[in-house]
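Here are a few short exercises to work through with the model open beside you. Take your time with each one before reading its solution.

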Amino acid sequence: MVKTRDKRVGLMVESLHGYGARILDGIIRWVRANPGWRIAFFDGEPSELPHLVREWQGDGIICTITDEEWLSAAQSRDIPLVNVAGRYPHLTVTNVVGDDRACGRLAADYFLDRGFENFAFVGAVDHRFAGDRSDGFLERIAREGLVGHSISVPLGAEEDLGAQLVQLPRPLAIYCPSDRQAAV
């Protein structure tokens, strides 16, 4: 029987923000159940990461692409690159992303099931995922013949939010596209 070489897979997933820790947990569970993988975790200052990925000798990378310079370094390696973040979905790499329109519809269903009749989407829609969540949310509300309001609040400009929300009818169901925006 011929023993195959272990696959060397690099991970560059930010574990301190949102869903990153859950992505890493899922990868680790898969590796434990499927022997033959060796994991290398790319960690360091953002300025160091492009050099690390250029020098590393591995078979593929699972990452949350957040930086153009790092992406360029990774693509120069001619190895499989799997992006598990919603940024840069237009790239010619394998992207694993959620269905953000469905997330918006699920949020609307949650509020509709609880009898709400007044709705607001609150958040900056300058990222694809937020715009898609807003669209799914507001389309679902409109299908019920109800009106949903959209309040675009760029990060750092939240002081105007209270004045806009007080104008809307109560009780009001509010949906934000991300935990960070909801916390504001």
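**Exercise 1.** Find what share of the contacts in this predicted model, among those between residues at least 6 apart in sequence, join residues at least 24 apart.

*Solution.* Start with pairs whose heavy atoms lie within 4.5 Å. Keep those between residues at least 6 apart in sequence; of these, 55% join residues at least 24 apart.

**Exercise 2.** Decide whether the chain is a compact globule or more spread out.

*Solution.* Begin with the inventory: the chain has seven helices and eight strands. Next, compare radii: the radius of gyration is 21 Å, while the globule rule gives 16 Å for 184 residues, so the chain is more spread out than a compact globule. Then look at the box filled by the C-alpha atoms, roughly 70 × 40 × 25 Å along the principal axes. Finally, check burial: 38% of the 184 residues are buried.

**Exercise 3.** Work out the strand order of the five-stranded open sheet, and find what packs on it.

*Solution.* First, the order is 2-1-3-4-5, with parallel pairing. Strand 2 (37-41) and strand 5 (94-95) each have a single partner strand, so one side of each lacks a neighbour in the sheet. Now zoom in on strand 1 (residues 7-12), which five bridges join to strand 2; here Lys7 faces Trp37 of strand 2. Helix 1 (residues 20-33) packs on the sheet, touching strands 1, 2 and 3, and its direction makes about 155° with that of strand 2. Helix 3 (residues 68-75) also packs there, touching strands 1, 3 and 4, at about 150° to the direction of strand 4.

Terms used:
Residues are numbered from 1 along each chain as its sequence is written. This is a predicted model: local features need pLDDT of at least 70, side-chain atom pairs count only at pLDDT 80 or more; totals for chains, interfaces and linings use all residues. Side-chain values use heavy atoms; hydrogens and water are left out. Two strands pair if DSSP finds at least two bridges between them. Helices (H or I, at least four residues) and strands (E, at least two) are DSSP runs, numbered from the N terminus. Axes are lines fitted to C-alpha atoms, for helices over the stretch in contact, and angles run from 0 to 180 degrees between N-to-C directions. The radius of gyration is taken over C-alpha atoms; the globule rule is 2.2 Å times the number of residues to the power 0.38. Buried means under 20% relative accessible area, exposed over 50%, partly exposed in between (1.4 Å probe, protein chains only).
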